[in-house]
Amino acid sequence: MRFMLLTIPHGYESAAPGTIPDDVDAVAAMMAYNESMQKAGVLISCDGLHPPSMGARVSFPGRKPKVVDGPFAEAKEVLGGYWIIDVPSRADAIEWAKRCPGSENEVIEIRQIQEIADFPPDVQALTSEFASMQAVKKT
Amino acid sequence: MRFMVLVKANKDSEAGVMPSTEVLTAMGKFNEELVKAGVLLAGEGLHPSSRGARVRCEGLKRTVIDGPFAETKELLAGFWLLQVKSKEEAIEWIKRSPFQEGEIEIRQVFEASDFGDSMTPELLAQEERLRAESEARAKAGR
């Protein structure tokens, strides 16, 4: 089963543009955690995101796209980064999240990724090409 | 530049209502365009938060809270990871997406070079090795 572990750092919703993790010890602890996932053979991918103040939101009022630049005043919970892991169960995913060297302001949300097999058969037929659409380009 | 495009949850996605064939067809067509343009790195949909959990970190203490979570419109329902030249290009792609409602958030992904001095040469080497191994695993896993 694939799970997405979402980090939700409280306060990141109002972080200034260009804010970057600059605590060497914290970065080293996080890299050691990533490596432990790697060694256990569960890590598929992980990334960190620049603050929302550097991002944008697109909404579709009246079906027309409307762009709002960050920061987003009403946001209480924003994403700081994620891991995608492949583990046998939800309980395993939670165990991995508990081992994260998270700081006091952080919450990690564990969410199962929808696999093609989770969809009804008529929908599966439409998604037969989906796997080939994923991960087609590498940086 | 890599951008993560966050698709927010709504009442239907949180209730586990699957999208209609019409919606999936439109989304499949959009994904096809992203692939043909060479900008799509990854994309996934997430099960409702009722099947998920949260781990709260307080010092060394870890508290597990089972879903669902209340702030529906701030929850994630799915994402794309795009490789584009600018934030504007990412925004242009999402303006073309077949969504009829809701809000899509565009966030730039940190690259190792963004970290400056905190990313020591040792940490950078580790990061590169992890990434290469994970990519090999992701390919083999499908």
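The lining of the largest cavity divides into 7 nonpolar residues, no polar residues and 7 charged residues. This cavity belongs to a predicted model in which chain A has 4 helices and 6 strands and chain B likewise has 4 helices and 6 strands. The briefing below covers the cavity, the second largest pocket, a helix contact between the chains, the chain layouts and the backbone.

**Largest cavity**

- Across the whole structure, a search finds 1 cavity of 30 Å³ or more.
- The volume of the largest cavity is about 130 Å³.
- It is lined by 14 residues, and those closest to its centre are Glu77(A), Val78(A), Leu79(A), Glu74(B) and Leu76(B).
- Two or more residues of this lining come from E1 of chain A and from strand E1 (2-8) of chain B.

**Second largest pocket**

- The second largest pocket holds about 830 Å³ of space.
- Among its 35 lining residues, Pro21(A), Met30(A), Gly48(A), Glu106(A) and Phe115(B) are the closest to its centre.
- Chain A contributes at least two lining residues from each of strand E1 (2-9), H1, strand E2 (43-48) and strand E5 (81-86), and H4 of chain B also contributes at least two.
- H1(A) provides the largest share of the lining, with 6 residues.
- By residue class, the pocket lining comprises 17 nonpolar, 11 polar and 7 charged residues.

**Helix contact between chains A and B**

- Two packed helices are described by the angle between their axes and the distance between the axes.
- Helix H1 (residues 24-39) of chain A packs against helix H4 (residues 121-140) of chain B at an angle of about 30°, and their axes are 10 Å apart.
- H1(A) is therefore roughly parallel to H4(B), because angles under 35 degrees count as roughly parallel.
- The crossing of H1(A) past H4(B) is left-handed.
- On the H1(A) side, the contact is made by Val27(A), Ala28(A), Met31(A), Ala32(A), Asn34(A), Glu35(A) and Gln38(A).
- On the H4(B) side, the contact involves Leu123(B), Gln126(B), Glu127(B), Arg129(B), Leu130(B), Glu133(B), Ser134(B) and Arg137(B).
- The residues of this contact comprise 6 nonpolar, 4 polar and 5 charged.
- Both helices also take part in the lining of the second largest pocket, where H1 of chain A and H4 of chain B each supply at least two residues.

**Chain layouts**

- Read from the N terminus, the elements of chain A follow the order β-α-β-β-β-β-α-β-α-α.
- The corresponding order for chain B, again from the N terminus, is β-α-α-β-β-β-β-α-β-α.
- The C-alpha trace of chain A spans about 50 × 45 × 30 Å along its principal axes.
- For chain B, the C-alpha atoms fill a box of roughly 50 × 45 × 30 Å, taken along the principal axes.

**Backbone features**

- Most residues other than glycine have a negative phi, and most peptide bonds are trans.
- In chain A, Gly70(A) and Pro71(A) are joined by a cis peptide bond with omega about 0°.
- Pro71(A) is located in the loop between strand E4 (66-69) and E5 of chain A.
- In chain B, a cis peptide bond with omega about 5° links Gly67(B) to Pro68(B).
- Pro68(B) is found in the loop between strand E4 (61-66) and strand E5 (76-83) of chain B.
- Arg63(A), a residue other than glycine, has a positive phi near 65°.
- Arg63(A) occupies a place in the loop between strand E3 (56-59) and E4 of chain A.

Technical notes. Residues are numbered from 1 along each chain as its sequence is written. Chains are lettered from A and ligands numbered from 1 in the order in which they are written. This is a predicted model: local features need pLDDT of at least 70, side-chain atom pairs count only at pLDDT 80 or more; totals for chains, interfaces and linings use all residues. Side-chain values use heavy atoms; hydrogens and water are left out. Axes are lines fitted to C-alpha atoms, for helices over the stretch in contact, and angles run from 0 to 180 degrees between N-to-C directions. Angles under 35 degrees count as roughly parallel, over 145 as roughly antiparallel, 65 to 115 as roughly perpendicular and the rest as oblique. A crossing is left-handed if the near helix is turned anticlockwise from the far one by less than a right angle, and right-handed if clockwise. Contact means heavy atoms within 4.5 Å. Ala, Val, Leu, Ile, Met, Phe, Trp, Tyr, Cys and Pro count as nonpolar, Asp, Glu, Lys and Arg as charged, and the others, Gly among them, as polar. On a 1 Å grid over the protein atoms alone, a cavity is a set of points where a 1.4 Å probe fits but cannot get out, and a pocket is an open set with protein on both sides within 12 Å along at least five of seven lines; lining residues have an atom within 4 Å of a point. Grid points are joined across faces, edges and corners, and a volume is the space filled by probe spheres set on the points.
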